[in-house]
Amino acid sequence: METIAFTRGVPADESFPIEEIIGCAEACLKQHGKTLLQYHPVRGFQPLREALAEQNGVCVDQIMVGNGSIHLFDLLCRVLYEPGDVALVERPTYDRSITTLRSAGYEVHGIDLAPDGIELDAFKTALETYRPRLVYLIPDFQNPSGATMSDEKRRAAVDLAEQHGAQLVIDVPYRPLRYWGDEVPCLSEYANDRLIQLSSFSKLISPGMRVGWMSAPADIVSRVACLAEDTYITPGMLPQGVVHQFLEKGLMEVGIERLKALYAPRLKTILAALDRHMANGSWVRPEGGFFLGLTLPEGVRSADLRQVAPEFGLKLSNGEGFYADGDGSRFVRLPFCALTETQIDDAVERLAQAVAKTRTAS
Ligand SMILES: Cc1ncc(COP(=O)(O)O)c(C=O)c1O
């Protein structure tokens with residue numbers, strides 16, 4: 001029996017636009033070879049920064065392009081940190097963001113997440129209790145739950161963060177990957193000009209290229225740039241040149257449509273398979289992105305399920321890592337994009353069998 005890994009939130013190997021990237025690499029080296037192969041100002045390739053500034057309606061000095069968005073987040077967390085600082089995150093949230101915040105020194109607290117975004121009462125209480133420096137949210141097709149914040153909650157969360165003087169940081173790498181349903185306005189439409197936004201080309205082109213970007217107030221970009229310069233001098237420039245060509249040639253629009261055509265049937269398949277096989281569990285019904293978060297039936301712990309899973313040819317991730325308080329005892333993240341529809345169908349059926357066995361054993 002082939003083992004199916006329900007663990008890795010990565011793009012499908014078959015999604016990589018290899019021929020287009022070869023073409024873009026050749027074109028950018030011909031046009032900008034000397035710039036891209038030299039040490040370069042740390043904020044990133046100027047034409048790419050300009051394109052991103054235009055796309056996001058901000059000034060170019062508010063844009064920094066770096067080696068993946070998680071690296072920029074790390075630098076940002078370090079720059080903003082003052083001893084004793086607290087950060088609020090969704091509960092659950094992306095496990096690496098919790099690690100990044102903690103390694104910069106923050107005490108991290110989670111706010112309960114509903115299928116339409118954070119619970120506003122809990123958010124208000126946490127703001128009052130902890131007076132956080134940072135609030136980190138993934139409003140669109142959240143990693144790991146798949147939840148998308150409602151329009152109403154976006155407005156309210158922005159107002160609450162502003163009232164309490166907390167710096168809002170949104171991480172939106174999945175936002176362009178909506179497979180169906182109505183678009184919700186970006187949270188940036190409601191925020192003041194202190195909002196910090198992180199995003200990435202990892203899920204739209206390739207994570208191996210390591211190109212992510214941040215839009216932030218110019219003074220914060222300057223501080224992050226100073227730390228970056230002291231750390232790695234110059235980001236990887238050739239991938240930035242490739243991404244710039246990709247945008248210039250209009251390949252991004254085509255690429256996103258291709259990704260949607262590849263991933264939408266996978267999301268449909270996992271939803272149908274859960275409806276068919278998973279009695280008593282509950283899950284968000286995402287309309288895009290890479291993930292679906294499953295809450296196991298009462299009495300089934302994800303740690304026990306993970307132990308049993310290999311007997312059924314399944315690899316599962318540790319739900320607890322996504323919870324700042326280490327709870328998540330009934331949470332399982334199901335990344336569906338890198339699996340074929342047949343694998344997804346099999347994996348969900350096996351998961352249901354593993355749940356039934358774990359339940360009997362407990
Ligand atoms: C919410 C979120 N932010 C950031 C990242 C990492 O992005 P990058 O590859 O640009 O560092 C991921 C990757 O899974 C993610 O899910």
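This briefing walks through two sheets, a ligand site and a few individual residues. What you're looking at is a predicted model. One of its sheets is open and built from 8 strands with mixed pairing, and another open sheet has 3 strands with antiparallel pairing. There's also a ligand, with 14 residues around it.

**The 8-strand sheet**

- Reading across this open sheet, the strand order is β2-β9-β8-β7-β6-β3-β4-β5.
- At the edges sit β2 (63-66) and β5 (117-118), and each of them pairs on one side only.
- Further in, strand β6 (residues 134-137) and strand β7 (residues 167-171) run parallel and are joined by 4 bridges.
- If you'd like one pair to look for, find Val 135, whose bridge partner in β7 is Leu 168.
- β7 is mostly covered, with 5 of its 5 residues buried.
- Gln 167, Val 169 and Asp 171 point one way from β7, while Leu 168 and Ile 170 point the other way.
- Asp 171 is worth remembering, as this β7 residue comes up again at the ligand, where it is among the closest residues.

**Ala 87, a residue in β3**

- Ala 87 belongs to strand β3 (residues 86-91), and β3 has its place between β6 and β4 in the sheet order.
- How accessible is Ala 87? Its relative accessible area is 0%, so it counts as buried.
- Setting aside neighbours within four places in sequence, Ala 87 is in contact with Leu 101, Tyr 106, Glu 107, Val 108, His 109 and Leu 134.
- Leu 134 in that list is also part of β6, which covers residues 134-137.
- Pro 47 is 40 residues from Ala 87 along the chain, and their C-alpha atoms are separated by 34 Å.

**The 3-strand sheet**

- Here the strand order is β10-β11-β13, and the pairing is antiparallel.
- β10 (282-283) and β13 are the edge strands; each has a single partner strand, so one side of each has no neighbour in the sheet.
- The pairing between strand β11 (residues 291-295) and β13 runs over 5 bridges.
- Across that pairing, Gly 293 stands opposite Arg 333 in β13.
- So is β13, an edge strand of the sheet, buried or exposed? In β13 (residues 331-335), 5 of the 5 residues are buried, so the strand is largely enclosed by the rest of the structure.
- That cover reaches both faces of β13: Phe 331, Arg 333 and Pro 335 are buried on one side, and Val 332 and Leu 334 are buried on the other.

**The ligand and its surroundings**

- Which residues come closest to the ligand? They are Asp 171, Tyr 174, Ser 200, Ser 202 and Lys 203, out of the 14 that surround it.
- Asp 171 places a polar side-chain atom 2.6 Å from a nitrogen atom of the ligand.
- Ser 200 also has a polar side-chain atom at 2.6 Å, in this case from an oxygen atom of the ligand.
- Arg 210 joins in too, with an N or O atom of its side chain 2.8 Å from a ligand oxygen atom.
- On its own the ligand has 400 Å² of accessible area, and the protein covers 93% of that.
- Sorted by class, the surrounding shell holds 6 nonpolar, 5 polar and 3 charged residues.

**Two arginines to look up**

- Arg 178 is in the loop between β7 and β8 (196-200).
- With a relative accessibility of 10%, Arg 178 counts as buried.
- The side chains of Arg 178 and Glu 287 are joined by a polar contact of 2.7 Å.
- Beyond its neighbours within four places in sequence, Arg 178 has several contacts, among them Phe 141, Thr 148, Glu 183, Val 184 and Lys 260.
- Arg 258 lies in helix α9 (residues 251-277).
- Arg 258 is partly exposed, its relative accessible area being 42%.
- Where does Ser 15 sit relative to Arg 258? The two are 243 residues apart in sequence, but 8.1 Å apart in space from C-alpha to C-alpha.
- Leaving out neighbours within four places in sequence, Arg 258 is in contact with Pro 17 and Glu 20.

Notes:
Residues numbered from 1 in each chain as written. Predicted model: local features only at pLDDT ≥ 70, side-chain atom pairs only at ≥ 80, totals over all residues. Heavy atoms only, no water. Buried < 20%, exposed > 50% of the residue type's maximum accessible area, 1.4 Å probe, protein only. Pairing = 2+ DSSP bridges. Near = heavy atom within 4 Å. Polar contact = N/O pair within 3.5 Å; in protein donor to acceptor, adjacent residues only side chain to side chain. Areas by Shrake-Rupley, 256 points an atom, 1.4 Å probe, with all protein chains shown as cover. Nonpolar A, V, L, I, M, F, W, Y, C, P; charged D, E, K, R; others polar. Contact = heavy atoms within 4.5 Å.
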